[in-house]
Amino acid sequence: MNVTESRFKNRQLHIEDYLQMVSAEQKEYAEVFDYSKITEKSGVITDYWTDNLLDLILHKDSLNKAYKRVKSNKGAGGTDGMQVDELLPYLKENQDTLIQEIRLGKYKPNPVRRVEIPKETKGEYRKLGVPTVVDRVIQQAITQELSPIYEEQFSDSSFGFRPQKGAQDALKQCQANVNDGYKFVVDMDLEKFFDTVCHSKLIEVLSRTIKDSRVISLIHKYLSAGVIANGMFERTEIGMPQGGPLSPMLSNVMLNELDKELERRGHRFVRYADDCMIFCKSKKSAERTLKNIIPFIEGKLFLKVNRKKTEVAHISKVKYLGYSFYIYKSKCRLRVHPMSVEKMKNKIRELTDRNNGMSNAKREEKYQQFVRGWINYFRLADMKKFLQRTDEWARRRIRALYWKQWKKIKTKYRMLRALKLEHWKAKELACSRKGYWRMAKVLNQIFSNKIIAKLGYTSMLDYYLIVYEN
């Protein structure tokens, strides 16, 4: 049932009153605008919400929530040097001028600060653009209002940068597709997606839904704000910088065009941000699908497919979101990809480096945070034996670390006695001239796993057995 004109008119009259009743302290401000309830089961978004978006974006509660989100995310400052801690005093003093400039279309966003971080592929870098903290607040406010609108349009097969969805959901959908017989995939790689987005195409797509031209104009200004790299200003006529709150949602808006085309053609697919896999029942079908979809991506969306990295392969040969796949008893199961394993081990090496000068308390905290975060992400993978071996290796590194810290013979003796070792044995080990790595093995029974766990070095296997899902 569609919303009647009288009901809609009534909502227009009382929208300010309704918004003021809702506290900016709410966990999810988006719940205020429950579009599905407003339009009941029709799925149609009323013109009011799209014609007057700027008023909703600049509402005090929306801006308050955006500020709190930016502050909680912290992060470095942009090109103006202002830090998150300096944001509140600035907004209190300048908020009226800022809002007025945005309303009149006179606001000019600052260029973003270019930051390059290395990719997994050696020699390649991901270009990030860090907006100023003020621009982050405005972008966050825009995102808060656009997200519920576009969530109605996005595909169920899209999982990146979306509420209540994540990488694990994408991987479970991959498993479901393979279990249904779709064992060959088009592993699609879009070449430098964020750097090559066509502004005019993105604005065209946005304009189909957003009827408030002021919002379209503001978004366009952010897209073309430019970049400061090595102290030099660079214009941005194509692409959108990664690093701001607005970019993830805009990327989904753009790639939703690809989602809709794949659905129209009847394909099964899973997309997480710009990582897309199309599932087919045979290799020939997958090759035909790749050949037919490239003209749409390059001719209609003006994006470029990376031919070198895009491939047709059996599911067992594919890496996706850090995982690899295998078939066991006719069911698709997950492993941690070797490249992800190596990254994890490098991080543990860094944390347990005997020469990094980190305090024990800080090291224990960082180690626990890393282990919990890594296991939570890879909780779908089968890796009990692998984690058992990794734990043994990591604990040996930790023992070697502490043995080096004890340095003097009398300190070693005192610590060994505290570990309940007999006098003669403690004296013998304290005087040993064996290297740190060999002594770490000797200490295996004395400096036990339980003691290491009590120090705060969480066992990867123990935590995995708690959160394991597959």
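Begin with the whole chain in view, where there are 21 helices and 11 strands, helices being DSSP runs of H or I of at least four residues and strands DSSP runs of E of at least two, numbered from the N terminus. This is a predicted model, in which local features need a pLDDT of at least 70 and side-chain atom pairs count only at pLDDT 80 or more, while totals for chains, interfaces and linings use all residues. Residues are numbered from 1 along each chain as its sequence is written, and side-chain values use heavy atoms, with hydrogens and water left out.

Colour the chain by accessibility, and of its 470 residues 47% count as buried, which here means under 20% relative accessible area, with exposed meaning over 50% and partly exposed in between (1.4 Å probe, protein chains only). Of the contacts in the chain with a separation of 6 or more, 73% are between residues 24 or more positions apart, a contact being heavy atoms within 4.5 Å.

**Aromatic pairs**

Next, show the rings of Phe, Tyr and Trp (for Trp, its six-membered ring), which pair if their centres lie within 6.5 Å; planes under 30 degrees apart count as stacked, over 60 as edge-to-face and the rest as tilted. By this rule the count comes to 13 aromatic pairs. Select Trp374 and Phe378, whose rings form a tilted pair at 4.6 Å centre to centre with 40 degrees between the planes. Trp374 is buried, with a relative accessible area of 9%, and Phe378 is buried as well, at 5%.

Move on to Trp406 and Phe447, a stacked pair at 6.1 Å centre to centre with 20 degrees between the planes. This pair links distant parts of the chain, since Trp406 is in helix α16 (residues 384–406) and Phe447 is in the loop between α19 (436–442) and α20 (449–454), 41 residues apart. Both Trp406 and Phe447 are buried. Extend the selection to Tyr367, Tyr402, Trp403 and Tyr457, and you have the cluster that ring pairs form together with Trp406 and Phe447.

Two lysines are also worth selecting with their rings, where a charge sits over a ring if NZ of Lys or CZ of Arg is within 6 Å of the ring centre and within 35 degrees of the ring normal. Lys165 lies over the face of Phe159, at 5.0 Å from the ring centre, and Lys345 lies over the face of Trp393, at 5.6 Å.

**Helix α17**

Which residues of helix α17 (residues 409–418) are buried? Thr411, Lys412 and Leu416 are, and they lie on the same side of α17 because they cover an arc of only 130 degrees around the axis, taken from the directions from the helix axis to the C-beta atoms. Turn to the other side of α17 to find Lys410, Arg414 and Ala418 exposed. Among what covers the buried residues of α17 are α16 and α18 (423–430). Just after α17, select Lys420, which takes a positive phi of about 75 degrees.

**Helices α12 and α13**

Now select Glu261, which is found in helix α12 and is buried, with a relative accessible area of 11%. Not counting residues up to four places away in sequence, Glu261 touches Ile293 and Phe296. The C-alpha atoms of Glu261 and Ile293 are separated by 8.8 Å, although the two residues are 32 residues apart along the chain.

Phe296 lies in helix α13 (residues 283–299) and counts as buried at 14% relative accessibility. Leaving aside its neighbours within four places in sequence, Phe296 is in contact with Glu257, Leu258, Glu261, Arg265 and Leu301. Measure along the sequence from Phe296 to Glu257 and they are 39 residues apart, with 9.9 Å in space from C-alpha to C-alpha.

**His337**

Finally, go to the loop between β11 (331–336) and α14 (338–351), which is the place of His337. Is His337 buried or exposed? His337 is buried, with a relative accessible area of 16%. Not counting residues up to four places away in sequence, His337 touches Lys319, Gly322, Tyr323 and Ser324.
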